[in-house]
Amino acid sequence: MLLAVGCIKEIEPQSSYVTKEQASSAPGSFDNFVSSITNTLCGQFTYGGVDDKYPWDYGYPSFFLQRDVMGQDIAQEDGNDWYSTWYACGTGLGPRYAVCQVPWTYYYGWIKSCNTVISLAGENPEADKVAGAGIAYAMRAMFYMDIARMFGMSTYARDKSSITVPIIKENTTLTDITDNPRATNEEMWAFILSDLDKAETYLADYKRSDVYTPDLSVVYGLKARAYLTMEDWANAEKYAKQAQNGYTAMTEAQYTSRKDGFNTPNDAWMFACRFKDTDPNIQINDGDGSWGTHMILEVRESGNGYAANYGAPKRIDRHLYETIPATDFRKKCFIDFAIDQLSTDDAKVEALSAYSDVPEGILATGSETNSKVVGGLEVKFRPKNGEHANQLAAYVVAVPMMRVEEMMLIEAEAAGMQDEARGKQLLTAFAKLRDPNFEYGQHSESYDSDYAKPFQNEVWWQRRVELWGEGFATFDIKRLNKKVIRAYANTNHPDAYKWNSDVYTASNGSLYPDWMDLCIVQSEGNYNKALVNNKTPQKPTHSSSDFIW
């Protein structure tokens, strides 16, 4: 009968999946695939779903804390924190435990989204797909750069043959995945730079509408990060300098703003993600599965929040705090330990008013932690618009993923590794933006085998203070081959986690602890016969003696 009418319409077979051809031909589909790469960076319960509602299951910024608590610069409360698995380390990070799956699920999910866009765009993208392809290449490079450093057992500069993670490209087949070894540093970083080269070409004329999508400056920033890790100092300096065009460092008013501090993009923010009031992480479970519940302290009135009300705020390491001069305005982001020595609550509230519009809430928050003190509490990350009562409004914040200050410090380090005098000049110029009384040479202390030069220790100190809580701690510790020191006189790390290098295990001749080389989840090894895993980290069995600075 169909033949009789002389007109047969060919229908694609219906199925439970969309073919590449169907996806690419649907109106607006390509742009939707591109948008999904950055739209899924935060706000979703990607790992466990809304049924589990894990408080650390909220996206890219969660990995900032997972990495940073592994070191020494963040001190937690004993046993009260959802990030204690990473802070306490040990077998909980081993391949047989669910936490091991978290970065694998997130990062390879994001990489798959990038691969989809790259595949749809093709080798020679049409004009309307060029920018989308550039975004996908930039983001894929960023994701691989992260996990190469998280899972890698040595840096590129120390051992090019050391292994990182398997590479899955847009044309990798299911058969390939079952026999896909971990790429060496040399292979991985060549792949990352190749992606960034393509992104640089495709985004050359792209003009973005906001900082939530990468543009050419972000590509330059990613190249600066890559070359810093590779210790290609000339290129690290070159791209860090190029990345700074059009941006200015945060002022003291911006840095310490009680309304906008580290929750709203400004002229220093190059790339960011944001939580929206429609996100599951905000709407479900009183917002307690979001960045804000861990990092926004000043919502005591709401009755919600792990930082404000549930006894799990984040604190700066006491030694690091004490090395920050009083004239450095960044010190205002952390509560002075001396306040705990005041004799009355009224005196404490008065002192806390120098840090917050809700000093009574800060005092109550500190008093209800296991340590019972306010010293070291962070007020770097402020509630949106200074909202103190409604946590759902307070938590709808942006989180910086790249700032111009990072680029300024990369430029200084890279320049100094070629010409120390030039590096000192750049570092001093940066530091004086934070502390007009800065004098070079105050922060070059070293407690390792001096893999890092004294000049690099100065830069590292600036990075630790400037980028605190922004996800760089583990990367720098591994890159500079630093020991972790938590046990010292008057430390604010709990007794159960007072570990120095004399009690933890290091790997492959490193000085940093083996828990910083993340294990790959066991189920991945069940399907990929070429996979070789990292050693399950060993939790120290006792505390260290006090380190003498």
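**Exercise 1. Work out how α8 and α11 are oriented relative to each other, roughly parallel or roughly antiparallel.**

Solution. α8 and α11 turn out to be roughly parallel, and here is how to get there. This is a predicted model, so treat the values as computed ones.

- Step 1: Start with the geometry. The axes of α8 and α11 lie 10 Å apart, and the two helices pack at an angle of about 25 degrees.
- Step 2: Compare with the cut-off. Angles under 35 degrees count as roughly parallel, and therefore α8 and α11 fall into that class.
- Step 3: Add the handedness. α8 and α11 cross in a left-handed way.
- Step 4: Find the residues that meet. From α8 come A138, M142, M145 and R149, and from α11 come V219, L222, R225, A226 and T229.
- Step 5: Sort them by class. This contact has six nonpolar residues, one polar and two charged.

**Exercise 2. Now do the same for α20 and α22: at what angle do their axes cross, and which residues make the contact?**

Solution.

- Step 1: The crossing angle is roughly 175 degrees, and the axes come within 10 Å.
- Step 2: Angles over 145 degrees count as roughly antiparallel, and α20 and α22 are therefore roughly antiparallel to each other.
- Step 3: On the α20 side, the contact uses E405, E406, L409, I410, A412, E413 and G416. The α22 side supplies F455, Q456, V459, Q462, R463 and E466.
- Step 4: Sorted by class, the residues are five nonpolar, three polar and five charged.

**Exercise 3. Look for enclosed empty space: how many cavities of 30 Å³ or more are there, and what lines the largest cavity?**

Solution.

- Step 1: The count is six cavities of 30 Å³ or more.
- Step 2: The largest cavity has a volume of about 200 Å³. Its lining has 19 residues, with R149, T155, T229, F475 and R479 nearest the centre.
- Step 3: Two or more lining residues come from each of α8 (130-151), α10 (185-202), α11 (216-230), α20 (404-416) and α23 (473-479). Of these, α23 gives the most, with four residues.
- Step 4: The lining of the largest cavity divides into seven nonpolar, five polar and seven charged residues.

**Exercise 4. Describe the second largest cavity: what is its volume, and which residues lie nearest its centre?**

Solution.

- Step 1: The volume of the second largest cavity is about 110 Å³.
- Step 2: Among its 13 lining residues, D73, R463, R464, F472 and A473 lie nearest the centre.
- Step 3: α22 (454-466) and α23 are the elements giving two or more residues to this lining.
- Step 4: By class, the lining of the second largest cavity has seven nonpolar, one polar and five charged residues.

Notes. Residues numbered from 1 in each chain as written. Predicted model: local features only at pLDDT ≥ 70, side-chain atom pairs only at ≥ 80, totals over all residues. Heavy atoms only, no water. 1 Å grid on protein atoms, 1.4 Å probe; cavity = no way out; pocket = protein on both sides within 12 Å on 5 of 7 lines; lining within 4 Å. Points joined across faces, edges and corners; volume = space filled by probe spheres on them. Nonpolar A, V, L, I, M, F, W, Y, C, P; charged D, E, K, R; others polar. Axes fitted to C-alpha atoms, helices over the stretch in contact; angles between N-to-C directions. Parallel < 35°, antiparallel > 145°, perpendicular 65-115°, else oblique. Contact = heavy atoms within 4.5 Å. Left-handed = near helix turned anticlockwise from the far one by under 90°.
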